[in-house]
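Student: I would like to go through this structure and check each label against its definition. Where should we start?

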Amino acid sequence: MTTAFVFPGQGSQAVGMGKALADAYPAARAVFEEVDEALGEKLSAVIWDGPEDRLTLTENAQPALMAVSMAVVRALEAEGIAVGSAARFVAGHSLGEYSALAAAGALTLSDTAKLLRTRGKAMQAAVPVGEGAMAALLGLDYQAALEVAQEAAQGEVCQAANDNAPGQVVVSGAKAAVERACEIATARGAMKAIMLPVSAPFHCAMMAPAAEVMQAALAETAVKAPVVPVVANVVAGPVSDPDEIRRRLVEQVTGTVRWRECVEWMAGQGVTDFKEVGAGRVLTGLTRRIDRSLKGAAVGAPDDIAAYLASRS
């Protein structure tokens, strides 16, 4: 069985995530301690005890989700499962791409935490609250969603932000344009068009100020070649060269998360088994929607690790 490790993005966070892992594995606990040290604050306390609205803040949610993913990686390593030998590829959804790079050794844990704190703050600051929005268009394919976004723009920004799975595309941009996109999508036969409870319009041109911030931050960060290829969101293909990794991470801030294509590309390379490493089960659900023949399983708690070990024996 050929396996890929995939890493969740924002929206998968929950108060208490990773706590059982930290209690069960010293190596997992050490991840949270290192992230706390890198950020100069006890983010672990927010992750485990809340309050939820503080954890949900973009600048906290991004490093927090990465910390949980890396805690799982370290726990797996403690059980003799290394990313380099267990996974053919790694990939992550939006911020999850940073988790994937850390898991594959391209970025250090403390650098990844700092980059994601910077990214979260920059994305939040790029657009005043209330000026941007995002919406999920359900039941339209990607091409149809692109046409809806184009028609809705009317001189404002409206882009496909996430191509998550067949019939599940998220659009992002100016609030009025995204509201128009919902109306147009419904008129064109979308099952649902739902405005999302997000604080900023991620993965669209309105994020250009954040892309500049990330370009500067990444230029000063050491990036190594990953031990396994990382399938990048914006190209839906593998990247290994450190300079290209930096470039794709900058493009990702304003570009489309091509998740459906990432999974299809990995499946085309023979991957049949997708392990979702970290909090939640969002990507596991998307894997099944993309291709029913693919296997997906979430690995985020000690019981999940036990099940994974049993499946390998």
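**Labels and their cut-offs**

Tutor: Start at the surface: Ile194, Leu196 and Val198 make a nonpolar patch of about 190 Å². This is a predicted model, in which local features need pLDDT of at least 70 and side-chain atom pairs count only at pLDDT 80 or more, while totals for chains, interfaces and linings use all residues. Residues are numbered from 1 along each chain as its sequence is written, and side-chain values use heavy atoms, with hydrogens and water left out.

Student: What makes Ile194 eligible for a patch?

Tutor: A patch takes residues with over 30% relative accessible area and no salt bridge, joining nonpolar side chains (Val, Leu, Ile, Met, Phe, Trp, Tyr) within 5 Å and like charges within 9 Å. Areas come from the Shrake-Rupley method with a 1.4 Å probe, and for residues only the protein chains shown count as cover. Ile194, in strand S6, has a relative accessible area of 36%, so it passes the 30% cut-off.

Student: Why is Ile194 called partly exposed?

Tutor: Buried means under 20% relative accessible area, exposed over 50%, and partly exposed in between (1.4 Å probe, protein chains only). The 36% of Ile194 falls in between, so the label is partly exposed.

Student: What does helix H10 pack against?

Tutor: The buried residues of H10 (175–187) are Ala177, Val178, Ala181, Cys182, Ile184 and Ala185. They pack against helix H9 (142–153) and strands S3 (132–138), S4 (158–165), S5 (168–174) and S6 (192–195). Contact here means heavy atoms within 4.5 Å. Helices (H or I, at least four residues) and strands (E, at least two) are DSSP runs, numbered from the N terminus.

Student: How do you know that the span of H10 is close to the expected one?

Tutor: The expected span is 1.5 Å times one less than the number of residues. For the 13 residues of H10 that gives 18 Å, and the helix reaches 19 Å from its first C-alpha to its last. Helix H5 (residues 58–78), with 21 residues, reaches 30 Å where 30 Å is expected.

Student: What makes H5 mostly covered?

Tutor: In H5, 17 of the 21 residues are buried. Just after H5, Gly80 takes a positive phi of about 90 degrees; just after H10, Gly189 takes one of about 100 degrees.

Student: Why is the pair Glu41 and Arg117 called a salt bridge?

Tutor: The definition asks for a side-chain nitrogen of Lys or Arg within 4 Å of a carboxyl oxygen of Asp or Glu. Glu41 and Arg117 meet at 2.9 Å, N to O, so the pair qualifies. The partners are 76 residues apart: Glu41 lies in the loop between helix H2 (26–39) and helix H3 (43–49), and Arg117 in helix H8 (residues 109–126).

Student: Are the two partners buried or partly exposed?

Tutor: Glu41, at 27% relative accessibility, counts as partly exposed, whereas Arg117, at 10%, counts as buried.

Student: Why is the chain called as compact as a globular protein of its length?

Tutor: The chain has 15 helices and ten strands. Its radius of gyration is 18 Å, close to the 20 Å that the globule rule gives for 313 residues, so the label follows. The radius is taken over C-alpha atoms, and the rule is 2.2 Å times the number of residues to the power 0.38. Buried residues make up 56% of the chain.
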